[in-house]
Amino acid sequence: MAPLLTVTFVRHGESTDNLRSVWAGWKDSPLSNHGMNQAKAAGTSLSSIRFAAIYASPLKRAYSTAEAILEAQPEPRPPLTHSLLLREQHFGIAEGHPWLVALKPGVTLEEHYTQGVFPVLHHRSDKFPEGESIDDLAIRADQAVHELILPRVWATAREGMRGAHIVVVSHGLCISELVPALLRKNAGQIAKDEYRGLMNTAWTRVAVDLADWTGNEPLEFSDDNPPPLMIKVTDFNRHEHLDKVKRQKGGIGRAAYDPKQQDIRAFFGGAAVKPIEEGRSESNVQDEADVDIQ
């Protein structure tokens, strides 16, 4: 039996900042050409699902990915809504600057900042000046769940219609907090920090249902006393759609995507670049993977 509501979280495609070792949070870089190909592949892979709604971060790399998913949807297409709540973690004065995994020997954290270099932060409460900590991001993610996802859950329950499906297109770190925020709405659920390291355009799926409800009849309840939820992650970091996505040669894949470009072959002749594992970004702290956060 289909759950009441399914939420598919999709990370954006490769951005031009993903190809640089810089902190890329609210800094609004576009998709690379390769990133757009990833987004189109994700859209095609999800096209068999008729989505009720698509929610997206307004940052270019996420919104363009959402548009590619929308374009692949059958008519009538679902509404696409952007929300500031779905933006990536804000890195403050570190935005656009290089990151380091560890401090340089004998150099203080403040001296690193003066040099324009910003080491990885390893505690959830840590943040760069003028930026957000992971704890701050978690609060914003919880607000997103309350304002964007739960209203869909309650509306679907009141209609008594199972099988609704929505998409949330966001960013690696934001999704790593959105999923636990949703899981915490399940009574007694312990949300673990295990949803990090998403590949570009990888998707994670969460099934939301009502506890002790097996029918399809409309339910009546007050906003102050909603029925208990039963929530579980069914898929994590799925990226099979990337298997056939190949990076264009000659630097084309790394160039910013331009929808007005008529002949992408004009970019041939670029310098050789080192290969990148498909779907894995170079920046944002090694793709948010293998970083010890306490």
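Select histidine 171 first, in the loop between β6 and α5. The model on screen is a predicted one. With a relative accessible area of 0%, histidine 171 is buried, since the cut-off for that term is under 20%. Which residues does histidine 171 contact, leaving aside its neighbours within four places in sequence? Display Arg11, His12, Ser57, Leu59, Arg61, Ala62, Leu86, Arg87 and Glu88 to see these contacts. Leucine 59 is one of them; a line drawn from its C-alpha to that of histidine 171 is 9.5 Å long, although the two residues are 112 positions apart in sequence.

**Strand β2 and its partners**

Next, select strand β2, residues 53-56. Are the faces of this strand covered or open? Both are covered. Ala53 and Tyr55 lie on one side, Ile54 and Ala56 on the other, and all of these residues are buried. In a regular strand the side chains alternate between the two faces of the sheet.

Add β6 to the selection. It pairs with β2 in the parallel sense, over 4 bridges. Within this pairing, valine 167 of β6 stands opposite isoleucine 54. Then add strand β3, residues 80-82, which runs parallel to β2 and is joined to it by 3 bridges. Here threonine 81 of β3 is the bridge partner of tyrosine 55. To follow the chain from β2 to β3, trace the path through α2; this β-α-β crossover is right-handed.

**Helix α1**

Move to helix α1, residues 33-45. Its end C-alpha atoms are 19 Å apart, and this agrees with the 18 Å that its 13 residues should span at 1.5 Å a residue. Colour the buried residues of α1: Asn33, His34, Gly35, Met36, Gln38, Ala39, Ala41, Ala42 and Gly43. What covers them? The cover includes α2, residues 60-71.

Within α1, pick methionine 36. Its relative accessibility is 7%, so methionine 36 counts as buried. The C-alpha atom of histidine 12 lies 9.3 Å from that of methionine 36, with their positions 24 residues apart along the chain. Histidine 12 has already appeared on this tour, among the contacts of histidine 171.

**Salt bridges**

Now show the charged side chains. How many salt bridges does the structure hold? There are 14. Three of them are visited below.

For one stop, select aspartate 17 and lysine 27, whose side chains meet in a salt bridge with an N to O distance of 3.0 Å. Both residues lie in the loop between β1 (5-11) and α1, so the pair ties together parts that are 10 residues apart in sequence. Aspartate 17 counts as buried, at 2% relative accessibility, whereas lysine 27 is partly exposed, with a relative accessible area of 32%. Add Arg20 to the display, and a network of salt bridges appears that links Asp17, Arg20 and Lys27.

For another stop, select glutamate 177 and arginine 124. Their side chains form a salt bridge of 3.1 Å, N to O. Glutamate 177 belongs to helix α5 (residues 172-183) and arginine 124 to the loop between β5 (118-119) and α4 (134-159), so this pair ties together parts that are 53 residues apart in sequence. Are these two residues buried or exposed? Both glutamate 177 and arginine 124 are buried.

Continue to aspartate 209 and arginine 162, which meet in a salt bridge at 2.8 Å, N to O. The aspartate is in strand β7 (residues 203-210) and the arginine in the loop between α4 and β6 (164-170), so the pair ties together parts that are 47 residues apart in sequence. Aspartate 209 and arginine 162 are both buried.

**The whole chain**

Finally, clear the selection and view the protein chain in cartoon form. It has 6 helices and 8 strands. In what order do the elements run from the N terminus on? The order is β-α-β-α-β-β-α-β-α-β-α-β-β-α.

Switch to a surface display. The accessible surface of the protein chain comes to about 13600 Å², and 53% of it belongs to carbon and sulfur atoms. Of the 294 residues in the chain, 54% are buried. Among contacts with a separation of 6 or more, 77% are between residues 24 or more positions apart.

Note on methods: Residues are numbered from 1 along each chain as its sequence is written. This is a predicted model: local features need pLDDT of at least 70, side-chain atom pairs count only at pLDDT 80 or more; totals for chains, interfaces and linings use all residues. Side-chain values use heavy atoms; hydrogens and water are left out. Helices (H or I, at least four residues) and strands (E, at least two) are DSSP runs, numbered from the N terminus. The expected span of a helix is 1.5 Å times one less than its number of residues. Buried means under 20% relative accessible area, exposed over 50%, partly exposed in between (1.4 Å probe, protein chains only). Contact means heavy atoms within 4.5 Å. A salt bridge is a side-chain nitrogen of Lys or Arg within 4 Å of a carboxyl oxygen of Asp or Glu. Accessible areas come from the Shrake-Rupley method with a 1.4 Å probe; for residues, only the protein chains shown count as cover. Two strands pair if DSSP finds at least two bridges between them. A crossover is right-handed if, with the strands pointing away from the viewer, the path from the first strand over the helix to the second runs clockwise.
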